[in-house]
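Visitor: Could you pick one part of this model and walk me through it close up?

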Amino acid sequence: MMAIVNILLITFIFITWSSNLSFCLDQPKKDPNHIRCTNNFNCSAHAYCHQSGICQCKEHYIPDREPNIPGKKAYHTVCLREASFIGDHCKKDIQCKSTFGVHSECYFSDSNSQLGGCQCTKEAHYKNGMCHKTSLIGDRCDVNDNCFTKSTNIQAYCDLGRCICPPMYHPTADAYDCQPSSGLGGPCLDDTGCTVLNSGCRYGFCRCKQKFVTGDRNDSCLILAEKLEDPCVVHDQCSVALQNARCDEEKGICVCENDSHNVDGKCWKTVLNSTETNAGHALSPKVHLYGGLLLMIIIIRFKSV
């Protein structure tokens, strides 16, 4: 009795399998998307027969249309694999856009290539798994990921529809990056990173610009004096630009040093001889000049006698 049951069961399985095989061989493969099916054999590559009786693309595959004959309007649907990473092979933009968004594309290095690679468009950049439209610092934006910086460790923000640098950072001159807001002596990429007035970026550090000197607290750049009695705060404003000069802190102006004196707007070192030292008088450069000329005249006359 059991033998008969086994034979009947085997016969039923064989007939069912033969029927499905015959149906598969006799019928052309159906296309996914609204194509009726009774089993997976009715569907095209990378598609399966859904319980609703319609062919659908498998997971990680997306439907796309291809012409039956090039140049004709008749199409059939195929299932293309979605890209997983930037650079994955692709044939159509849709393989990239389904993963990386509308600002991605399938790029072909030349017209003869059969396969391209997924990348962001020229107007976009890759961030947090998506291709986002690029907005530089100061440009309009919708979300934080629109805001692009060259430095990957610095996160710019979309604030009130504009990209801004994070606190304590400044945009670079080309708006492609954010750099630390630095005082004098701090690191910088260009002049915009230096926050002290009249300072600039020199050899990677913030320094006072030409014709300016550093203040006593290293937090300001003060202009050099051009002449005696110009206003000053620190001695360097006078001594760097004017020889033998200093800043009179009480008056706030440049004056000659204690051992110098003013002659025609310049400071000359005061030279004293022994007699003049006792008398407390100093000889100016003009006195020395006139004395020298007088001595030369006396010598010439003496020789002519």
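Guide: Let's start with a small sheet, then stop at a single glycine further along. Keep in mind that this is a predicted model: local features need pLDDT of at least 70, side-chain atom pairs count only at pLDDT 80 or more, and totals for chains, interfaces and linings use all residues. Residues are numbered from 1 along each chain as its sequence is written, and side-chain values use heavy atoms, with hydrogens and water left out.

The sheet is open and has three strands in the order β5-β7-β6, paired antiparallel. Strands here are DSSP runs of E, at least two residues, and helices are runs of H or I, at least four, numbered from the N terminus; two strands pair if DSSP finds at least two bridges between them. β5 (89-90) and β6 (104-107) are the edges, each with a single partner strand, so one side of each has no neighbour in the sheet. Two bridges join β5 to β7 (residues 116-120), and His-89 has Gly-117 in β7 as its bridge partner. Across β5, β6 and β7 lies helix α2 (residues 93-100), at about 150° to β6; such angles run from 0 to 180 degrees between N-to-C directions, using lines fitted to C-alpha atoms, for helices over the stretch in contact.

Now for that glycine: Gly-200 sits in strand β14 (residues 199-202). With 0% relative accessibility, Gly-200 counts as buried, meaning under 20% relative accessible area (exposed is over 50%, partly exposed in between; 1.4 Å probe, protein chains only). Leaving out residues up to four places away in sequence, Gly-200 touches Asp-191, Cys-194, Phe-205, Cys-206, Arg-207 and Lys-209, where contact means heavy atoms within 4.5 Å.
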